[in-house]
Amino acid sequence: MARPGDRITLTGIYKVEGMRVNPHIRMLKSVYKTFIDAIHISRDERSKMFSCAKASEDQSMLDEDKSQQESEEPAFQLGTESREQLQSKEAELQALGADPDIYDKLTASIAPSIWQLDDIKKGILCQLFGGTTKEWSGGRVRGEINILLVGDPGVSKSQLLSYVHKLAPRGIYTSGRGSSAVGLTAYVSKDPETREMVLESGALVLSDQGVCCIDEFDKMSDNARSMLHEVMEQQTVSVAKAGIIATLNARTSVLACANPVGSRYNPRISVVENIQLPPSLMSRFDLIYLVLDKINDSTDRKLARHLIALFYENPPDNTAAVIPLEKLRDFIAYARSRCQPELSDEAAQDLVQAYQTMRHQGAGKNTISATPRQLESMVRLSEALARMRLSPTVERHDVAEAVRLMKVALQQSATDPTTGTIDMDCITTGMTSSDRRAREQLANELRELLKKASEPMTLPDLVTKINQQASIPVSRAAASEAVMSISDEIVQLPSGRMQHKTVY
C-alpha cells in the first residue's frame, strides 16, 4: 500500500495513552503517549512524480478477477477526479509527447529563472526521465543517471538542485556538511516501548525510485562518501548492525554539486585534484559538468538583463516556463510509467560506432578516452531521450544527441590540462597519462643521477641537479614522490643522505 518515503493521507482517531513509570507499578507518568488509531490509508498521488506505478506492478498487486478491468484504467489513479478527466489528461500528455519541439520545450521548462546552461539542463532532464532498468538471471544494470556539478561559487548550482527537488517530491534534499553515513543509508535505533532494535531508513533509501539531491558534496565525510559506492552502482544498501542483516533498495538517481578546493576552480589541474574526491566515486557519475564563472562582456550584460527582468512586476514572456510545473510533473510520471523504450538495430550500431570512435581518440597517445561505463551511460541517455517523445524505440537521432551530451561532459571534466585531450584516467585513477609518464621519467632521471653520483646526495641536491638539466622546473614535492617510487633501490643513510644500492 505504501513504502517509506511515500506521502500518505491517514484517516483515524487521535488517542492518548498513559505510560507507567515502572511495569510493576500502577503510577503513570505526567507525559502521555499519543498515537493515531488508523482507519484508512491512501497514498497522496496528486501531481507527484514517479507516483504512477508500472502496469506490471499494478497487475501483480491486483486480484485475478480485477486484473483485466484495472488494466484498462488510465495511468493516473487519483481519487478526486472522474474517469473522463483522467482520460483527457492522458490524451493531453500524449499530444504533448507527439510535439516535434518537445525536447526544446522541456529544456526551456527546467529552471527557467536560470539563464543559459542548456547542456546542463538537458542532462538533468535525462536524469529525471531516466533509462530502462535491465534485469536477468546473471545480474542487473541500473537505469538511473547520476550527475555531478562542479564549479565556482554563485553559478546557480544549488538553485538547480532546489528546482529538481521541487519537481521530484519523491526524493530527499540534503547537505554534505550535515550528512552522516548512517543518515544517508540506514541506522539502527531502539524502540522506546518494546526496547527492541529497529531499522530506520536513511535519505538514499527514502528516495528510492526518485532523485537524491546532495549539496556541498565535497564537504561530506569519508565514511559518508564510502556508503555511496554501493548505492550508485548496485542500487542497494547492505546493513549488518545489532543483529539485523538486511539489503534495502536504493534505486535512486544522485544529483550532487561540489565546490573546488579554495572555492575557485583551477583549470591547470584535473577535476579530481580540484575537488579532492576519490576517483572510484567520481567514475560512478554518468555526467560531470563544470560550471565556471568566466569574464565576458557580452554574456555578463545578457545575464544582468535576465536577472533584472526577474524583479519586474510583469516579467517578460521568455522568463516564464513553457510547460507549467504541475504539467511537467505529470508528463515525467506518465513517461516513466508507460514508456519502456528499446534499442533499434540502427541505434545499436550507432552506439557501437560511437564507442569505437571515442576509444580510438586516445589510441595514438596511449590514453584511455572512454570506458564501458561511458557506453552504458550513452545507452541510458538514449533511452531517456526516447522517453521524452513517448517513443517505444530508441532512434538514431536519440543516440546522436546522447553522444553529444556525453562528449560535452567529457570535454569539460575529463580533459587533460597539460595536453588538452580527453583522458579518462584523470577521473578513474585521479592522474592523467601525461602526469604518469612525467613521474616515471623523473624517477628514471633520479635513478641515473644516484647511480652516477660519487657520494651520497640529499633531496635538495637532487632537485638542484634535476632543474639544471630539465626544461620544466621540478618541485621538491614531485622529486619526493619520485624518490618514494624507487625507495626499494635506495639506501637511506642516518645523515639524511641517500645513495643507490649499486653504488653503496
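Helices, here meaning DSSP runs of H or I with at least four residues, are numbered from the N terminus, and the views below are taken from a predicted model.

**View 1. Surroundings of Arg373 in helix 16.** Arg373 belongs to helix 16, which spans residues 372-388. With a relative accessibility of 28%, Arg373 is classed as partly exposed, because that class lies between the buried limit of under 20% and the exposed limit of over 50%. Once its neighbours within four places in sequence are set aside, the residues in contact with Arg373 are Glu233, Ser280, Ser283, Arg284 and Arg380. Asp286 lies 87 residues from Arg373 in sequence, while the C-alpha atoms of Arg373 and Asp286 are 7.8 Å apart in space.

**View 2. The open sheet of five strands.** The strands follow the order 8-11-14-7-15 and pair in parallel fashion. Strand 8 (171-175) and strand 15 (287-291) form the edges, each of them pairing on one side only. On average, and with direction ignored, neighbouring strands of this sheet are turned by 15° against each other.

**View 3. Pairing of strand 7 with strand 14.** Strand 7, made up of residues 147-151, and strand 14, made up of residues 253-258, are joined in the parallel sense over four bridges. Within this pairing, Leu149 has Cys257 of strand 14 as its bridge partner.

**View 4. Helix 5 across strands of the sheet.** Helix 5, which covers residues 118-129, lies across strand 7, strand 11 (211-215), strand 14 and strand 15. Relative to strand 15, helix 5 runs at about 150°.

Conventions. Residues are numbered from 1 along each chain as its sequence is written. This is a predicted model: local features need pLDDT of at least 70, side-chain atom pairs count only at pLDDT 80 or more; totals for chains, interfaces and linings use all residues. Side-chain values use heavy atoms; hydrogens and water are left out. Two strands pair if DSSP finds at least two bridges between them. Helices (H or I, at least four residues) and strands (E, at least two) are DSSP runs, numbered from the N terminus. Axes are lines fitted to C-alpha atoms, for helices over the stretch in contact, and angles run from 0 to 180 degrees between N-to-C directions. Contact means heavy atoms within 4.5 Å. Buried means under 20% relative accessible area, exposed over 50%, partly exposed in between (1.4 Å probe, protein chains only).
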